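Biologist: I am new to this structure and would love a close look at one part of it. Could you show me the model before I ask?

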Amino acid sequence: MPLRFHWSLSQVGDKFRRANATTEMKGLFSLEEQIAFCRAAEQNGIDSLLMAFGFTRPDPLVLSAALAMATREIKFMVAVRPGVTSPTAFVQQINTLSALSDGRVCINIVTGHSPHELGYYGDCLDHDQRYERTDEFLAVCNAFWRRNGEVNFKGKHYDIRNGKLNTPFVSRERTGPEIFLGGNSDLAEQLAIRHAHCLWRFAEAPASLGPRVARILARGKEVGLLVSILARPTREEALRDAYSMIAALSAKPEKFGKTFAERTDSVAYRSTLRLAEESSSDWLTPWLWTGAIPYLGAPAIALVGSNEEIASAIIEYKMAGISQFLFMGWPDLDEMNYFGREVLPIIRREEREERKERKSHQADGALAIGGA
Amino acid sequence: MASDPGSASGVQDMSSMPLRFHWRLPYAGETYGFARTDQARAPEIGLPDPAAQADFCRQAEQCGIDSLLLDFGFGKPDPMLLAAALGPSTEKLKFIVAYRSGLFAPTMFVQQLNTLSSLINGRVSLNIVAGYSPEEQAGYGDFLSHDERYARTEEFLSICRAFWEHQTGVEFSGRYYRVERGSLKTPFVSTERSFPAIFVGGGSEQAKRLAVNHGTCWMQLADAPEKLSRGVSEVREKGIEAGLRLSVIARPTRDEALRAASELIASKPEGERNLKGESDFIKRTDSVSFKAAYRLGEKEWAAPCLWTGAIRSHGSTAIALVGAAGEVANAILEYGRLGISQFILSGWPKLEEMVYFGKAVLPIIRAQEAAVASRGAIWSD
């Protein structure tokens with residue numbers, strides 16, 4: 001299977017995501033710019049765009065509906081936080097979006113990482129209870145998507161009796177959306193195995209990632225990597241841009257990533273931040289850079305290097321079992337255009353060659369058997 | 001009347017404002033109108049048909065219709081997302097999205113509605129209903145009784161209104177909801193208002209109170225004018241508008257209208273099935289106004305132009321003004337004189353009835369309003 005690439009839609013136009021305190025974000029956006037971003041993504045071979053959820057942003061479902069009407073191919077990976085909606089109403093919204101977009105919707109389950117923000121939504125459960133609720137939430141959603149008649153469910157957090165919906169998940173390929181789930185904790189892993197198709201993990205060196213990935217693959221699920229990217233024609237240019245970015249950021253008084261770390265209860269965020277702190281340099285591998293994490297938070301762990309370096313890093317992750325990537329860039333549009341033009345063609349070429357090689361191996365194998 | 005701008009009451013004089021007309025958006029495949037039993041069965045209703053529905057939106061705009069009502073129910077697509085998809089096809093038309101409390105956290109609901117407002121330039125209003133079918137609510141995981149649903153909706157709208165007022169630092173601790181320092185960055189975007197118009201529907205005392213406390217317009221099902229006047233004055237004295245939900249069968253002559261009405265209910269065998277379906281539904285609903293409307297359906301007419309003959313087969317919103325264009329216009333103007341200022345209408349067939357209303361009924365109403373306004377101007381001179 002060819003690797004699949006997704007990108008985060010920069011919803012509020014903040015060039016350096018999380019560089020600003022959340023109080024400075026404005027929550028308004030230009031629809032035209034967003035549509036242009038979607039079309040650029042389509043041209044660059046991007047599979048879907050992550051529509052994030054948070055109090056500083058517009059609602060991802062409503063925004064996706066508007067964007068779907070103006071695009072033809074791009075999918076929308078809608079972030080959902082159980083606990084802010086009845087699962088039945090959520091399925092109704094996702095199914096409506098699928099019908100409007102001809103199935104171009106998948107979902108990204110986030111269990112929430114800031115207890116502070118969760119309170120804005122009236123959600124006061126702790127980390128483990130939130131996972132337990134997400135478990136039930138997905139069980140209900142998947143029951144609707146299995147289309148086995150009326151849905152009945154009785155759990156600790158939800159009680160659904162004779163649930164039915166007329167609006168089905170509309171798609172030529174599937175009866176329910178592809179489900180992505182993010183998290184580094186064991187709970188997240190178990191949840192992904194039970195209900196999702198793909199688990200997102202923050203990037204770390206392929207060698208340390210390998211064993212965990214293998215465990216999930218063995219259960220028939222995919223593993224994807226959430227990582228920022230900074231590719232330039234040469235390694236020197238990439239390094240120069242990376243360091244000049246943090247030089248600009250360090251002029252700001254607040255190290256946002258650090259303050260955030262103290263407030264989050266997300267295992268993924270904390271472990272990535274720890275990775276950055278414990279490392280003796282800013283480099284976990286020659287191309288995996290942690291230098292921006294103190295300023296921009298855990299998602300700023302980044303692939304940095306020349307086109308070829310980054311393409312081969314991605315292939316190396318593929319060898320470790322990673323099959324999907326969710327990228328962020330600084331800024332997103334430029335980086336995505338560059339990736340589509342310069343890096344992706346290298347990856348696709350390697351994939352084609354690899355397939356050819358495999359075919360000829362198979363052919364050799366068949367001959368050998370035939371000759372025996 | 002109280003047109004003196006210096007009047008300290010703060011209550012707007014709504015009698016001089018033109019009446020406003022809204023129409024219900026038909027669902028995919030719904031050209032003639034489905035009875036409730038068909039709605040539950042017809043899977044196509046669940047699928048949006050953006051092309052046909054956008055066409056209906058444009059026609060509504062041309063007909064002088066203010067907004068389209070997008071219902072909420074298990075059989076239908078989600079109204080908020082449908083509005084986001086249809087909004088860009090029009091410029092002036094508004095969308096009234098119907099919701100119940102108990103489906104979304106209020107913070108998230110405000111975020112969705114604000115996002116929608118920013119996409120379509122504030123052309124969105126809210127219709128809050130407390131829900132009418134305990135069975136349907138159970139499918140959404142909601143098991144509260146009629147009165148508790150109203151109590152929860154009170155809390156829900158309090159929180160929504162707080163977000164629309166402050167956007168940040170929203171604190172609420174109630175029986176059903178809790179919000180801690182709630183903050184949202186996407187505001188309600190509109191050139192006209194800081195929060196959406198809120199239609200609160202329902203015939204019960206709780207509904208009326210909810211409308212007065214948190215809404216901008218109390219909606220009820222139509223009935224004879226004399227039966228409505230007390231409730232209407234009551235909410236208007238409290239500073240909100242009163243509106244009616246009803247259907248219309250207007251034709252060039254009264255005879256043609258009566259014929260169209262009897263054809264609507266004559267069709268067999270669906271007729272029998274619809275009667276059974278609706279009576280089963282009424283047994284199970286806990287809605288005060290649906291039950292009251294069903295009782296009205298015992299007789300054929302509630303007032304000279306107010307036909308109740310389709311209620312028992314087509315549901316309570318099928319209570320209809322039936323008559324020649326002029327008769328229907330006059331009946332509406334009579335409601336207007338009572339103080340009812342907004343109307344959510346529907347008809348059969350869906351599109352043709354709206355087009356005829358815009359062409360033949362609405363001009364009579366507007367001419368009459370203009371005449372009254374000019375008389376008023378002479379008096380105040």
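Biologist: How many residues of chain A are in contact with how many of chain B? After that, please take me closely through helix α6 of chain B: which of its residues are buried?

Modeller: Happy to! This is a predicted model, in which local features need pLDDT of at least 70 and side-chain atom pairs pLDDT 80 or more, while totals for chains, interfaces and linings use all residues. Residues count from 1 along each chain as written, with chains lettered from A and ligands numbered from 1 in written order.

Between the chains, 43 residues of chain A are in contact with 44 of chain B (C-beta atoms, placed from the backbone, within 7 Å). On the chain A side, α3(A) gives the largest share, 8 residues. By class, that side has 24 nonpolar, 14 polar and 5 charged residues (Asp, Glu, Lys and Arg are charged; Ala, Val, Leu, Ile, Met, Phe, Trp, Tyr, Cys and Pro nonpolar; the others, including Gly, polar).

Now to α6(B), which covers residues 146–166 (helices are DSSP runs of H or I, at least four residues; strands, E, at least two; both numbered from the N terminus). Its buried residues include B:Arg149, B:Tyr150, B:Phe156 and B:Trp164 (20 or more other C-beta atoms, placed from the backbone, within 10 Å; exposed means 12 or fewer, partly exposed in between). The buried residues pack against α4, β4, β5, β6 and α7 of chain B. Towards α7(B), B:Tyr150 and B:Leu157 are among the α6(B) residues that meet a group including B:Leu210 and B:His214. That contact has 3 nonpolar, 5 polar and 3 charged residues. Just after α6(B), B:Gln167 takes a positive phi of about 70°.

Key
Axes are lines fitted to C-alpha atoms, for helices over the stretch in contact, and angles run from 0 to 180 degrees between N-to-C directions. Two residues are in contact if their C-beta atoms, placed from the backbone, lie within 7 Å.
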